[in-house]
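Reader: Hello! Please choose one residue as a starting point and give me a close look at the part of the structure around it, then lead me on from there in one connected account.

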Amino acid sequence: MLLMKKQSLIRHFNNIEQLAAAIQLKKHSSVFVLADENTHRFCLPMLTNEINDFHVIKIKSGDANKNITTCQIIWQTLNDNHADRNSLLINLGGGMVCDAGGFAASVYKRGIDFIHIPTTLMAMCDAAIGGKNAINFEDFKNNIGCFQMPKQVLICTEFLKTLPERELKSGIAEIIKHAMLTNDKAILKQLRNNQLSDLDFKSLIKKSVQFKLSIIEKDFKDNSIRKQLNTGHTIGHAIESVFLNHSKNKLLHGEAVAIGLQLELLLSVIQYNFPISKANSIFEILDKWFHYQPLTDNQKTEIFKLLAADKKNNNNKINFTLFADLGKPKIDSYPKIEEIKNVLAAW
Ligand SMILES: NC(=O)c1ccc[n+]([C@@H]2O[C@H](COP(=O)([O-])OP(=O)(O)OC[C@H]3O[C@@H](n4cnc5c(N)ncnc54)[C@H](O)[C@@H]3O)[C@@H](O)[C@H]2O)c1
Ligand SMILES: [Zn+2]
């Protein structure tokens, strides 16, 4: 059991029966479970075997629906069912449901309690942890959002049984990111030498959660060391946005981050002499788990425009978290514009 800042409780369970028994329902006047199309089909039945007396809010799946329309559906259903300040929203899903549900709950009647029950690897090891809630708006990922902790985060890897393989692999990008930040050689070795079915997800998730919490306890609002966690995401989010808005090809968050980690590592080699042999070893691990989408010249131009408008920028300089070495992240790095363009062009 782990306590997050402002008393949010993170617990890991071996089965869903135990998880359901841990949901703190009693003090709430009414309970709502938010699920997308897939978690409604695959995960909700597992939970409803164990708890009852709640309203279900079903939303469309996919990051293109992490938007204000989805929030309106959530708020409308809460209103229609007379939710009050003591109501509870349980977000049952991946990062999309947790991010949108967390945001909708945080501002509904100035904030009601919410709980995350993450059902993807991405959400278990990253998105459900740390109290960042957001929706996409216009061309920008996570453009509108807030910092607000869930009351509980309840994790059980049984939910992963129905998750498609590509979605499972997407979460591995964040695990690689965490292992790079902590220079966790054991995790990198496990990811280098094993196939998907041989990975020890429970321990990988626990390590990621522990690391993310250790950062968030020191810097909840992204003013200093939490920026470490943005590594791979400056370029990753820009790529994701381009695919979100203009492409029929689906690109998952982790897949975009995997490209971002590679390109930002190249920038680290240029700016900080990051050891090339270690960069190659990370590229090998990423290449093992991800098959990349090619980027057209038009897409690269759009990516660059989005980079220039990134919410983390400072005085027209583009903000990155690069690395001097594994385990030695350099927050607030501002590589030269030409270098960023060269690295993108080389992809
Ligand atoms: N807030 C944060 O700190 C943070 C961190 C990382 C990522 N994110 C966000 O998380 C999102 C990506 O999360 P994600 O990868 O979980 O995507 P997702 O929530 O879209 O889920 C991926 C797909 O899997 C389906 N699904 C979910 N659980 C399932 C299950 N158990 N069985 C079968 N299908 C299931 C979903 O319906 C969806 O189609 C992005 O929006 C990203 O920006 C946020
Ligand atoms: Zn991410």
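Author: Happy to. In this predicted model, a good place to begin is Gln152, which counts as buried because its relative accessibility of 1% falls under the 20% cut-off for that class. The residue belongs to strand 9, an element that runs over residues 152–156. What does the side chain of Gln152 reach? One partner is the backbone oxygen of Ala22, at 3.0 Å, and another is the backbone nitrogen of Gln24, also at 3.0 Å. With these two contacts, the Gln152 side chain touches both a backbone oxygen and a backbone nitrogen. Gln152 has a further neighbour in Ile115: the two are 37 residues apart along the chain, yet their C-alpha atoms are separated by 4.9 Å.

Let us follow the chain onward. Past strand 9 comes the loop that leads to helix 7, and Thr162 lies in that loop. Is Thr162 buried, partly exposed or exposed? With a relative accessible area of 37%, Thr162 is partly exposed, because buried means under 20% and exposed means over 50%. Thr162 also brings together stretches that are separated in sequence: Asn38 is 124 residues away along the chain, while the C-alpha to C-alpha distance between the two is 9.4 Å.

Thr162 takes us straight to ligand 1. There are 28 residues around this ligand, and Thr162 is one of those that come nearest, together with Asp36, Asp63, Thr119 and Thr120. A polar side-chain atom of Asp63 sits 2.4 Å from an oxygen atom of ligand 1. The backbone takes part as well: an N or O atom of the Gly95 backbone is 2.8 Å from an oxygen atom of the ligand, and one from the Phe159 backbone is 2.9 Å from a nitrogen atom of the ligand. How much of ligand 1 does the protein cover? On its own the ligand has 860 Å² of accessible area, and the protein covers 92% of that.

Where do the surrounding residues come from? Helix 2 (37–42), helix 5 (95–107), helix 6 (121–127), strand 8 (140–147) and helix 7 (165–182) are the elements that give two or more residues to the shell. By type, the shell divides into 10 charged residues, 10 polar ones and eight nonpolar ones. Ligand 1 lies between domain 1 (2–162) and domain 2 (173–345), because both of them give residues to its shell. Thr162, our stepping stone, is the residue at which the assigned range of domain 1 ends.

Helix 7 now carries us to the second site. Which protein residues are donors of the zinc ion, ligand 2? They are Glu174 through OE, His233 through NE2 and His253 through NE2, at distances of 1.9 to 2.1 Å. Their spacing in sequence reads E-x58-H-x19-H. Two of these donors join distant parts of the chain, since Glu174 is in helix 7 and His253 is in helix 11 (residues 253–272), 79 residues apart. Glu174 and His253 are both buried.

Stay with helix 7 a little longer and you meet Met180, which is found in that helix. At 1% relative accessibility, Met180 counts as buried. Met180 and Gly260 are 80 residues apart in sequence, and 13 Å lie between their C-alpha atoms.

After helix 7 there is a loop that leads to helix 8 (185–193), and Asp184 has its place there. Asp184 is buried too, at a relative accessible area of 15%. One polar atom of the Asp184 side chain lies 3.2 Å from the backbone nitrogen of Ala186.

Finally, helix 11 brings us to a loop with a backbone detail you may like to see. Between helix 11 and helix 12 (276–289) sits Asn273, whose phi is near 55 degrees, a positive value in a residue other than glycine. Asn273 is exposed, with a relative accessible area of 66%. Asp53 offers another case, with a positive phi of about 65 degrees although it is not a glycine. Asp53 is placed in the loop between helix 3 (44–48) and strand 4 (55–59), and counts as exposed at 73% relative accessibility.

Methods: Residues numbered from 1 in each chain as written. Chains lettered and ligands numbered in written order. Predicted model: local features only at pLDDT ≥ 70, side-chain atom pairs only at ≥ 80, totals over all residues. Heavy atoms only, no water. Near = heavy atom within 4 Å. Polar contact = N/O pair within 3.5 Å; in protein donor to acceptor, adjacent residues only side chain to side chain. Areas by Shrake-Rupley, 256 points an atom, 1.4 Å probe, with all protein chains shown as cover. Helix = DSSP H or I, 4+ residues; strand = E, 2+ residues; numbered from the N terminus. Nonpolar A, V, L, I, M, F, W, Y, C, P; charged D, E, K, R; others polar. Domains from an automatic or database assignment. Donors = N, O, S within 2.8 Å, 3.2 Å for Na, K, Ca; no water. Buried < 20%, exposed > 50% of the residue type's maximum accessible area, 1.4 Å probe, protein only.
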